[in-house]
Amino acid sequence: MKIGLRIDVDTYRGTRYGIANLCKTLDKQSIKASFFFSVGPDNMGRNLWRLLRPSFLRKMLRTKASSLYGWDILMRGTFWPGPVIGKKLSGIIRSVSNAGHEIGLHAWDHHGWQAHLDTMDSTAIQRHLSRGAELLTRIIGRAPTCSAVPGWKCNNRVLLEKLKFPFRYNSDCRGESIFFPLIDGKKLSQPQIPVTLPTYDELIGRKGVSNSNYNESLLSLVDREKLNVLTIHAEVEGIVCLDMFDRFINMAQSKGASFVPLGAFLSDSLTPNRAIITAKEIPGREGWVSCQSPTDAVH
Ligand SMILES: [Zn+2]
(Lines give C-alpha, C1' and ligand atoms only; values in the text may rest on other atoms or scores of the structure.)
Protein backbone atom coordinates (compact mmCIF):
# COMPACT_ATOMS: atom_id res chain seq x y z
CA MET A 1 0.00 0.00 0.00
CA LYS A 2 1.55 3.26 -1.16
CA ILE A 3 0.78 6.75 0.10
CA GLY A 4 1.92 9.58 -2.18
CA LEU A 5 3.38 12.26 0.08
CA ARG A 6 3.10 15.83 -1.09
CA ILE A 7 4.58 18.66 0.96
CA ASP A 8 3.29 22.15 0.18
CA VAL A 9 5.48 25.04 1.23
CA ASP A 10 3.43 28.22 1.24
CA THR A 11 5.42 30.75 3.26
CA TYR A 12 8.77 32.15 4.34
CA ARG A 13 8.26 30.69 7.81
CA GLY A 14 7.42 27.23 6.48
CA THR A 15 10.53 27.26 4.29
CA ARG A 16 12.77 28.64 7.04
CA TYR A 17 11.67 26.37 9.88
CA GLY A 18 9.41 23.58 8.60
CA ILE A 19 11.59 22.13 5.85
CA ALA A 20 14.57 21.16 7.99
CA ASN A 21 12.26 19.47 10.51
CA LEU A 22 10.42 17.50 7.84
CA CYS A 23 13.60 16.46 6.03
CA LYS A 24 14.99 15.10 9.29
CA THR A 25 11.79 13.15 9.96
CA LEU A 26 11.71 11.74 6.41
CA ASP A 27 15.44 10.93 6.45
CA LYS A 28 15.06 8.80 9.55
CA GLN A 29 12.83 6.44 7.54
CA SER A 30 14.58 6.97 4.18
CA ILE A 31 11.37 8.41 2.75
CA LYS A 32 11.41 10.49 -0.42
CA ALA A 33 8.53 12.89 -1.00
CA SER A 34 7.35 15.60 -3.43
CA PHE A 35 7.99 19.18 -2.29
CA PHE A 36 6.04 21.99 -3.94
CA PHE A 37 7.66 25.37 -3.33
CA SER A 38 6.33 28.91 -3.32
CA VAL A 39 9.35 30.98 -4.34
CA GLY A 40 8.09 34.55 -4.85
CA PRO A 41 6.89 37.15 -2.32
CA ASP A 42 5.28 35.92 0.88
CA ASN A 43 2.09 37.95 1.09
CA MET A 44 0.12 35.39 3.07
CA GLY A 45 -0.72 38.04 5.67
CA ARG A 46 -3.04 39.56 3.12
CA ASN A 47 -5.37 36.72 4.10
CA LEU A 48 -6.10 38.88 7.14
CA TRP A 49 -8.78 40.77 5.27
CA ARG A 50 -10.73 37.52 5.31
CA LEU A 51 -11.15 37.94 9.02
CA LEU A 52 -14.00 40.18 8.03
CA ARG A 53 -15.83 37.12 6.75
CA PRO A 54 -17.57 35.16 9.49
CA SER A 55 -16.95 31.70 8.04
CA PHE A 56 -13.22 32.34 7.90
CA LEU A 57 -13.22 33.64 11.46
CA ARG A 58 -14.93 30.43 12.59
CA LYS A 59 -12.26 28.40 10.85
CA MET A 60 -9.50 30.46 12.45
CA LEU A 61 -10.97 29.73 15.86
CA ARG A 62 -11.53 26.06 15.07
CA THR A 63 -7.97 25.46 13.94
CA LYS A 64 -6.39 28.05 16.25
CA ALA A 65 -4.73 29.51 13.17
CA SER A 66 -2.45 31.81 15.09
CA SER A 67 -0.75 28.90 16.80
CA LEU A 68 -0.84 26.88 13.59
CA TYR A 69 0.79 29.51 11.40
CA GLY A 70 2.22 32.08 13.83
CA TRP A 71 1.24 35.72 13.90
CA ASP A 72 4.23 36.59 11.73
CA ILE A 73 2.66 34.61 8.85
CA LEU A 74 -0.78 36.02 9.42
CA MET A 75 0.57 39.57 9.31
CA ARG A 76 3.11 39.01 6.52
CA GLY A 77 2.66 41.31 3.55
CA THR A 78 -0.14 43.23 5.25
CA PHE A 79 1.67 46.41 6.12
CA TRP A 80 4.93 45.88 4.28
CA PRO A 81 5.93 43.98 1.11
CA GLY A 82 6.55 40.29 1.76
CA PRO A 83 10.08 38.87 1.32
CA VAL A 84 10.89 36.91 -1.87
CA ILE A 85 11.25 33.42 -0.38
CA GLY A 86 13.38 31.98 -3.19
CA LYS A 87 15.94 34.79 -2.86
CA LYS A 88 16.26 34.72 0.91
CA LEU A 89 16.09 30.95 1.42
CA SER A 90 17.49 29.45 -1.79
CA GLY A 91 19.97 27.29 0.16
CA ILE A 92 17.17 25.50 2.00
CA ILE A 93 15.25 24.81 -1.21
CA ARG A 94 18.42 23.54 -2.94
CA SER A 95 19.19 21.23 -0.02
CA VAL A 96 15.82 19.49 -0.46
CA SER A 97 16.59 18.91 -4.13
CA ASN A 98 20.11 17.67 -3.33
CA ALA A 99 18.63 15.21 -0.81
CA GLY A 100 16.84 13.50 -3.71
CA HIS A 101 13.27 14.61 -3.14
CA GLU A 102 11.00 15.43 -6.07
CA ILE A 103 10.78 19.22 -6.59
CA GLY A 104 7.75 20.96 -8.03
CA LEU A 105 6.45 24.49 -8.47
CA HIS A 106 3.68 25.55 -6.10
CA ALA A 107 3.49 29.30 -6.67
CA TRP A 108 5.18 32.56 -7.39
CA ASP A 109 2.84 34.49 -5.08
CA HIS A 110 0.66 32.00 -3.18
CA HIS A 111 -1.74 34.60 -1.85
CA GLY A 112 -1.95 36.46 -5.16
CA TRP A 113 -2.92 33.29 -7.01
CA GLN A 114 -5.62 32.30 -4.52
CA ALA A 115 -7.08 35.80 -4.41
CA HIS A 116 -6.97 36.67 -8.10
CA LEU A 117 -7.03 33.51 -10.23
CA ASP A 118 -10.67 34.06 -11.14
CA THR A 119 -9.78 37.28 -12.98
CA MET A 120 -6.36 36.25 -14.35
CA ASP A 121 -6.17 35.85 -18.12
CA SER A 122 -3.81 33.44 -19.89
CA THR A 123 -1.02 36.05 -20.02
CA ALA A 124 -1.20 36.71 -16.29
CA ILE A 125 -1.26 32.96 -15.56
CA GLN A 126 1.72 32.37 -17.85
CA ARG A 127 3.65 35.21 -16.20
CA HIS A 128 2.98 33.84 -12.73
CA LEU A 129 4.04 30.30 -13.69
CA SER A 130 7.13 31.52 -15.59
CA ARG A 131 8.40 33.72 -12.77
CA GLY A 132 8.05 30.82 -10.33
CA ALA A 133 9.54 28.20 -12.66
CA GLU A 134 12.49 30.45 -13.62
CA LEU A 135 13.50 31.24 -10.05
CA LEU A 136 13.05 27.61 -8.97
CA THR A 137 15.16 26.47 -11.96
CA ARG A 138 17.92 28.91 -10.97
CA ILE A 139 17.84 27.63 -7.38
CA ILE A 140 17.96 23.88 -8.04
CA GLY A 141 19.91 23.99 -11.30
CA ARG A 142 17.28 22.22 -13.41
CA ALA A 143 13.65 22.72 -14.35
CA PRO A 144 11.02 21.52 -11.85
CA THR A 145 9.37 18.35 -13.16
CA CYS A 146 5.91 18.88 -11.72
CA SER A 147 3.59 21.53 -10.34
CA ALA A 148 0.63 22.04 -8.02
CA VAL A 149 -1.52 25.18 -7.95
CA PRO A 150 -2.02 26.99 -4.60
CA GLY A 151 -5.26 26.15 -2.78
CA TRP A 152 -6.35 23.69 -5.49
CA LYS A 153 -7.47 26.69 -7.52
CA CYS A 154 -7.20 25.65 -11.14
CA ASN A 155 -9.13 26.15 -14.37
CA ASN A 156 -8.79 25.22 -18.02
CA ARG A 157 -6.68 28.32 -18.79
CA VAL A 158 -4.18 27.14 -16.18
CA LEU A 159 -4.09 23.61 -17.61
CA LEU A 160 -3.37 24.98 -21.09
CA GLU A 161 -0.59 27.32 -19.90
CA LYS A 162 1.07 24.49 -17.99
CA LEU A 163 1.51 22.55 -21.24
CA LYS A 164 4.28 25.06 -22.11
CA PHE A 165 6.42 23.73 -19.23
CA PRO A 166 8.22 20.37 -19.04
CA PHE A 167 6.00 19.06 -16.23
CA ARG A 168 5.68 15.26 -16.14
CA TYR A 169 2.44 15.70 -14.21
CA ASN A 170 0.45 18.27 -12.26
CA SER A 171 -1.39 17.93 -8.96
CA ASP A 172 -3.97 20.67 -9.19
CA CYS A 173 -7.14 19.14 -7.84
CA ARG A 174 -8.85 16.81 -5.43
CA GLY A 175 -10.04 13.49 -6.76
CA GLU A 176 -9.56 9.76 -6.62
CA SER A 177 -7.52 8.53 -9.56
CA ILE A 178 -4.78 9.63 -11.94
CA PHE A 179 -6.33 11.08 -15.09
CA PHE A 180 -5.73 13.04 -18.26
CA PRO A 181 -7.77 16.27 -18.24
CA LEU A 182 -10.08 16.90 -21.15
CA ILE A 183 -10.79 20.35 -22.56
CA ASP A 184 -13.53 20.55 -25.19
CA GLY A 185 -13.16 16.82 -25.64
CA LYS A 186 -9.40 17.01 -26.28
CA LYS A 187 -7.04 15.04 -24.05
CA LEU A 188 -4.14 17.05 -22.58
CA SER A 189 -0.70 15.45 -22.44
CA GLN A 190 0.10 16.19 -18.76
CA PRO A 191 -1.65 13.81 -16.35
CA GLN A 192 -3.17 14.99 -13.07
CA ILE A 193 -2.32 13.24 -9.82
CA PRO A 194 -5.11 14.45 -7.54
CA VAL A 195 -4.97 14.71 -3.77
CA THR A 196 -7.29 12.07 -2.31
CA LEU A 197 -7.00 12.67 1.45
CA PRO A 198 -8.07 15.72 3.53
CA THR A 199 -5.55 18.22 4.90
CA TYR A 200 -5.04 18.88 8.61
CA ASP A 201 -7.16 22.01 8.71
CA GLU A 202 -9.99 20.26 6.85
CA LEU A 203 -10.14 17.28 9.19
CA ILE A 204 -9.38 18.79 12.60
CA GLY A 205 -12.26 20.06 14.74
CA ARG A 206 -14.92 18.29 12.67
CA LYS A 207 -16.85 15.11 13.46
CA GLY A 208 -15.08 14.62 16.77
CA VAL A 209 -11.56 14.71 15.30
CA SER A 210 -9.00 16.24 17.66
CA ASN A 211 -5.23 16.00 17.92
CA SER A 212 -5.64 12.96 20.18
CA ASN A 213 -7.35 10.86 17.48
CA TYR A 214 -6.18 12.71 14.35
CA ASN A 215 -3.70 10.09 13.14
CA GLU A 216 -6.18 7.23 13.53
CA SER A 217 -8.85 9.25 11.70
CA LEU A 218 -6.54 10.07 8.82
CA LEU A 219 -5.25 6.53 8.55
CA SER A 220 -8.81 5.17 8.46
CA LEU A 221 -9.30 7.11 5.21
CA VAL A 222 -6.36 5.43 3.49
CA ASP A 223 -7.75 2.81 1.12
CA ARG A 224 -5.42 0.03 0.02
CA GLU A 225 -7.53 -0.61 -3.08
CA LYS A 226 -7.22 2.96 -4.34
CA LEU A 227 -4.84 5.83 -5.07
CA ASN A 228 -3.76 7.54 -1.83
CA VAL A 229 -2.26 11.02 -1.99
CA LEU A 230 -1.70 13.07 1.16
CA THR A 231 -0.83 16.77 1.31
CA ILE A 232 0.94 18.11 4.37
CA HIS A 233 2.16 21.67 4.91
CA ALA A 234 5.64 22.78 5.98
CA GLU A 235 3.87 25.38 8.14
CA VAL A 236 1.75 22.79 9.98
CA GLU A 237 3.16 19.24 10.01
CA GLY A 238 6.67 20.74 9.72
CA ILE A 239 6.31 22.91 12.84
CA VAL A 240 3.41 22.67 15.32
CA CYS A 241 2.24 19.18 14.31
CA LEU A 242 5.70 17.70 13.71
CA ASP A 243 5.61 15.09 16.49
CA MET A 244 2.13 14.00 15.51
CA PHE A 245 3.19 13.62 11.87
CA ASP A 246 6.24 11.63 12.95
CA ARG A 247 3.91 9.25 14.78
CA PHE A 248 1.62 9.09 11.74
CA ILE A 249 4.49 7.85 9.59
CA ASN A 250 5.30 5.09 12.07
CA MET A 251 1.66 4.14 12.44
CA ALA A 252 1.10 3.97 8.67
CA GLN A 253 4.28 1.97 8.11
CA SER A 254 3.31 -0.52 10.80
CA LYS A 255 0.07 -1.07 8.86
CA GLY A 256 2.09 -1.85 5.73
CA ALA A 257 2.07 1.55 4.03
CA SER A 258 5.08 3.03 2.29
CA PHE A 259 5.46 6.71 1.40
CA VAL A 260 6.47 7.70 -2.12
CA PRO A 261 6.87 10.91 -4.15
CA LEU A 262 3.86 11.47 -6.40
CA GLY A 263 5.93 10.95 -9.56
CA ALA A 264 6.46 7.32 -8.50
CA PHE A 265 2.83 6.60 -9.39
CA LEU A 266 3.53 7.38 -13.03
CA SER A 267 5.90 4.44 -13.43
CA ASP A 268 3.27 2.02 -12.19
CA SER A 269 1.56 0.30 -15.06
CA LEU A 270 -1.59 2.29 -15.19
CA THR A 271 -4.10 3.38 -17.72
CA PRO A 272 -5.21 6.83 -16.59
CA ASN A 273 -8.82 7.59 -17.32
CA ARG A 274 -10.06 10.90 -18.61
CA ALA A 275 -11.88 13.51 -16.60
CA ILE A 276 -12.57 17.21 -16.41
CA ILE A 277 -11.78 19.67 -13.66
CA THR A 278 -14.69 21.52 -12.06
CA ALA A 279 -15.00 23.90 -9.09
CA LYS A 280 -16.69 22.46 -6.01
CA GLU A 281 -16.95 23.10 -2.29
CA ILE A 282 -15.53 20.44 0.02
CA PRO A 283 -16.04 19.92 3.78
CA GLY A 284 -13.78 21.96 6.05
CA ARG A 285 -12.44 24.32 3.39
CA GLU A 286 -13.42 27.88 2.59
CA GLY A 287 -14.50 28.60 -1.01
CA TRP A 288 -14.20 26.41 -4.08
CA VAL A 289 -11.51 23.91 -5.00
CA SER A 290 -10.87 22.14 -8.29
CA CYS A 291 -12.15 18.57 -8.34
CA GLN A 292 -11.83 15.66 -10.73
CA SER A 293 -15.22 15.19 -12.34
CA PRO A 294 -16.65 12.72 -14.84
CA THR A 295 -16.51 13.92 -18.43
CA ASP A 296 -20.29 14.08 -18.61
CA ALA A 297 -20.49 16.48 -15.62
CA VAL A 298 -22.21 19.80 -16.21
CA HIS A 299 -19.65 22.58 -16.84
ZN1 LIG B 1 -0.25 26.03 -0.66
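Select H110 to begin: in this predicted model, H110 has a relative accessibility of 4%, and because buried means under 20%, H110 counts as buried. Keep H110 on display and add the zinc ion, since H110 offers its NE2 atom as one of the protein donors to that ion.

Next, bring in the other protein donors of the zinc ion, which are D10 through OD and H106 through NE2, and note that the donors lie 2.1 to 2.2 Å from the metal. Read along the chain, the donors of the zinc ion follow the spacing D-x95-H-x3-H. The pair of D10 and H110 links distant parts of the chain, 100 residues apart, with D10 in the loop between strand 1 (2-9) and helix 1, and H110 in helix 7 (residues 110-116). Is D10 buried or exposed? With a relative accessibility of 8%, D10 counts as buried.

From D10, move along the chain and select residues 12-28, which make up helix 1. This helix has 17 residues and reaches 25 Å from its first C-alpha to its last, a span close to the 24 Å expected at 1.5 Å a residue. Turn the view until you can follow the helix from end to end, and look for a kink of about 45 degrees, which is centred on G18. G18 is also among the buried residues of helix 1, together with R13, G14, T15, I19, L22, C23, T25 and L26. Just after the helix, select S30, where the backbone takes a positive phi of about 50 degrees.

Now leave this region and select strands 7, 6, 10 and 11, which in that order form an open sheet of 4 strands with mixed pairing. Strand 7 and strand 11 (288-293) stand at the edges, and each has a single partner strand, so one side of each is left without a neighbour in the sheet. Between strand 6 and strand 10 (residues 273-281), look for pairing in the parallel sense over 3 bridges. To see one facing position, select F179 and N273, for F179 stands opposite N273 in strand 10.

For the last stop, select G185, which lies in the loop between strand 6 (179-183) and strand 7 (186-187). Is G185 buried or exposed? G185 has a relative accessibility of 62% and therefore counts as exposed. Add I276 to the selection and draw a distance from C-alpha to C-alpha: G185 and I276 are 9.3 Å apart in space, although 91 residues separate them in sequence.

Note on methods: Residues are numbered from 1 along each chain as its sequence is written. This is a predicted model: local features need pLDDT of at least 70, side-chain atom pairs count only at pLDDT 80 or more; totals for chains, interfaces and linings use all residues. Side-chain values use heavy atoms; hydrogens and water are left out. Helices (H or I, at least four residues) and strands (E, at least two) are DSSP runs, numbered from the N terminus. The expected span of a helix is 1.5 Å times one less than its number of residues. The bend at a residue is the angle between axes fitted to the seven residues ending there and the seven starting there. Buried means under 20% relative accessible area, exposed over 50%, partly exposed in between (1.4 Å probe, protein chains only). Donors are N, O and S atoms within 2.8 Å of the metal (3.2 Å for Na, K and Ca); water is not among the atoms, so sites may look incomplete. Two strands pair if DSSP finds at least two bridges between them.
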